[in-house]
Amino acid sequence: MRENISIQVGKCGIKFGHEFWKQIASEHSIDPNCRKIYSKLAIKNEDIQNFFNETLSGVWTPRTILFDLDPREVRNLKNGNYSKFYPDD
């Protein structure tokens, strides 16, 4: 199994990367609360662990590193609809 990680640097990188993660989450049936959506129409998700880590509580978080010298962009993500995508650790 392959594992991918993204590194999002600067304002543009963080915004672009956020849109990427929203799309990947949608394709793998993960909602903004980082929970898996199970439905008959869900795409086959055998490769979900290539992009996301699953916690013991069943929460899926993206394999990503956010970096910006100005903390406002990261703070904006953590206060938005997809805030659970970016845990503090």
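This is a short tour of helix α1 and the places worth selecting around it.

Before you click anything: the model is predicted, so local features need pLDDT of at least 70 and side-chain atom pairs count only at pLDDT 80 or more, while totals for chains, interfaces and linings use all residues. Numbering starts from 1 along each chain as its sequence is written, and side-chain values use heavy atoms, with hydrogens and water left out.

**Stop 1: helix α1**

Select residues 10–27, which make up helix α1. Helices here are DSSP runs (H or I, at least four residues) and strands are runs of E (at least two), numbered from the N terminus. Check the length: at 1.5 Å a residue, the 18 residues should span 26 Å, and the end C-alpha atoms are indeed 26 Å apart. The expected span is 1.5 Å times one less than the number of residues.

Now colour Gly 10, Ile 14, Gly 17, His 18, Trp 21, Ile 24 and Ala 25, the buried residues of α1. They sit on the same side of the helix, because they cover an arc of only 130° around its axis; that arc is taken from the directions from the helix axis to the C-beta atoms. "Buried" means under 20% relative accessible area, "exposed" over 50%, and "partly exposed" in between (1.4 Å probe, protein chains only).

Spin to the face turned away from the buried side, and you meet the exposed residues Lys 11, Cys 12, Phe 16 and Ser 26. Next, show what covers the buried residues: the cover includes β1 (6–9), β2 (52–54), β3 (60–62), β4 (64–67) and α2 (72–78). Just after α1, pick Ser 29, whose phi is positive, near 60°.

**Stop 2: His 18**

Stay in α1 and zoom in on His 18. Its relative accessibility is 11%, so it counts as buried. Turn on side chains and look for the polar contact of 2.7 Å between His 18 and Tyr 86. (A polar contact is a pair of N or O atoms within 3.5 Å; within protein, one must be able to donate a hydrogen and the other to accept it, and residues adjacent in sequence count only if both atoms are side-chain atoms.) Leaving out residues up to four places away in sequence, His 18 touches Gln 8, Leu 77, Tyr 82 and Tyr 86, where contact means heavy atoms within 4.5 Å.

**Stop 3: the salt bridges**

How many salt bridges does the structure hold? There are 3, each a side-chain nitrogen of Lys or Arg within 4 Å of a carboxyl oxygen of Asp or Glu.

- Select Glu 73 and Lys 15, which meet at 3.8 Å, N to O. This pair links distant parts of the chain, with Glu 73 in helix α2 and Lys 15 in helix α1, 58 residues apart. Glu 73 is buried at 13%, whereas Lys 15 is partly exposed at 45%.
- Select Lys 22 and Glu 19, paired at 3.2 Å, N to O. They are 3 residues apart in α1, so about one helical turn separates them. Lys 22, at 26%, counts as partly exposed, and so does Glu 19, at 44%.
- Select Arg 72 and Asp 70, which meet at 2.6 Å, N to O. Arg 72 is exposed at 51%; Asp 70 is partly exposed at 29%.

**Stop 4: Ile 65**

Finish in strand β4 with Ile 65, partly exposed at 41% relative accessible area. Draw a distance to Gln 8: the two C-alpha atoms are separated by 6.1 Å, although the residues are 57 apart along the chain. With residues up to four places away in sequence not counted, Ile 65 touches Ile 5, Ser 6, Ile 7 and Gln 8.
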